[in-house]
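Visitor: I'm new to this one. Could you pick a single part and take me through it closely?

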Amino acid sequence: MVVGSRVSVPSWMSAAAATRVDLEGSVSSVTVSSETSSKEEALRHSEAINDFSLGFAERAFSAAGAAIVSAVIVNPLDVAKMLSDMRNSPSCTCAVPGTEPAPECNRYKGTLDLFYKVVRQEGFARLWRGTYASLALSVPTVGIYLPCYDGFRNLMENFTTGNAPMLTPYVPLVAGSVARSLACISCYPIELARTRMQAFTETQSGVKPPGVWKTLVGVVNPLKSRNSSQKLQNYRILWTGVGAQLARDVPFSAICWSTLEPIRRSILSLVGDDARVTSILGANFTGGFVAGSIAAAATCPLDVSRTRHQIEKDPTRALNMTTRQTLMEIWRDGGMKGLFTGVGPRVARAGPSVGIVVSFYEVVKYALYQRHQLNN
């Protein structure tokens with residue numbers, strides 16, 4: 001994203017944030033310290049051009065490609081996380097006194113045990129159930145999220161660098177939170193469908209889980225009404241748990257970007273003018289892996305609450321559930337262990353997922369920039 005003809009360099013690109021990059025990619029210092037190293041100068045030059053020379057469509061294309069790669073690779077860990085949550089859900093018959101435990105409930109001793117039993121009982125393909133829904137969700141979500149984050153970050157840093165330098169370190173936190181909120185609200189019905197598809201358990205031989213559209217229709221159908229205004233109101237259920245989703249995603253993004261930006265900036269500052277595809281890939285994957293793991297562990301209780309909302313089968317109860325009530329319910333039923341149910345699969349998924357998405361996104365942006373250079 002280009003603002004006017006000159007924009008500021010994001011803080012992750014160098015230790016000295018107060019620089020400007022013109023449309024031709026030349027760097028002119030505004031308040032660069034005399035102690036700035038040659039490595040930092042080279043880093044500003046090579047990375048700033050890459051970041052600011054691409055439009056929103058090219059950024060969205062890069063983000064969509066990153067989302068596809070990540071969704072296919074980490075879907076088994078998504079399934080593991082979902083089944084761990086179902087084990088402690090009140091919707092499971094094992095939670096009702098006097099009934100026999102359902103097959104999904106209390107049968108897994110850990111992530112590896114879960115993978116082993118799922119593959120043995122339902123086949124290897126079960127680990128990729130919901131992949132199409134994951135792609136349907138991740139492509140538009142990440143396609144909105146990362147380009148918007150870039151845009152908000154650049155605008156905010158451009159403003160804070162000249163007007164409030166002390167606020168510049170907090171830009172990633174705010175930009176990540178706002179961008180994630182927009183992406184989450186826009187794509188939430190698909191997230192709801194994906195979660196329910198992953199929670200789907202075959203009851204008859206040969207029966208396949210429903211697709212995204214059928215799943216969403218199934219969510220709305222129990223609330224059929226002839227009244228038009230009531231029908232519109234009933235579609236609220238498609239955003240069941242969106243509050244819990246935001247309660248998890250906003251802190252996750254804030255923690256993730258606040259951790260990721262300094263890490264990748266530090267790594268790239270070490271390579272200086274040797275920054276190439278491999279160093280961009282390594283710096284972003286390392287930063288994303290560490291940041292995603294920390295953020296996933298910190299927000300695990302909120303993720304458990306969100307999943308509990310999404311797999312609730314009673315429409316009336318689902319509409320009336322709040323994040324606070326759900327967290328209290330989880331605490332009452334399982335204590336601290338319940339709040340951190342599935343923390344292993346969550347961390348194991350989030351670390352690689354964030355690392356893959358961010359590194360692939362930045363590498364494709366770099367490749368597109370190099371293509372522009374060749375064409376020019």
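Guide: Here is a close look at helix α8 and the core around it. First, this is a predicted model, where local features need pLDDT of at least 70, side-chain atom pairs count only at pLDDT 80 or more, and totals for chains, interfaces and linings use all residues. Residues are numbered from 1 along each chain as its sequence is written, and side-chain values use heavy atoms, with hydrogens and water left out.

Helix α8 covers residues 242-271, 30 residues in total. Helices here are DSSP runs (H or I, at least four residues; strands are E, at least two), numbered from the N terminus. From first C-alpha to last, α8 reaches 42 Å, close to the expected 44 Å; that expected span is 1.5 Å times one less than the number of residues. Just after α8 comes Gly272, with a positive phi of about 55°.

Now for the core. A nonpolar core is a set of buried Ala, Val, Leu, Ile, Met, Phe, Trp, Tyr and Cys residues joined through side-chain atoms within 4.5 Å, and buried means under 20% relative accessible area (exposed is over 50%, partly exposed in between; 1.4 Å probe, protein chains only). The largest one has 23 residues, and Leu146, Phe252 and Trp257 touch the most other members. Alongside α8, the elements giving two or more residues to this core are α2, α4, α5, α9 and α13.

Zoom in on Trp257: leaving out residues up to four places away in sequence, Trp257 touches Tyr145, Leu146, Tyr149, Pro172, Gly176, Pro262, Arg264 and Val358. Touching, or contact, means heavy atoms within 4.5 Å.

How confident is the predictor? On pLDDT, its confidence in each residue from 0 to 100, the protein chain averages 74, and 67% of its residues reach 70 or more.

Terms used:
pLDDT is the predictor's confidence in each residue, from 0 to 100.
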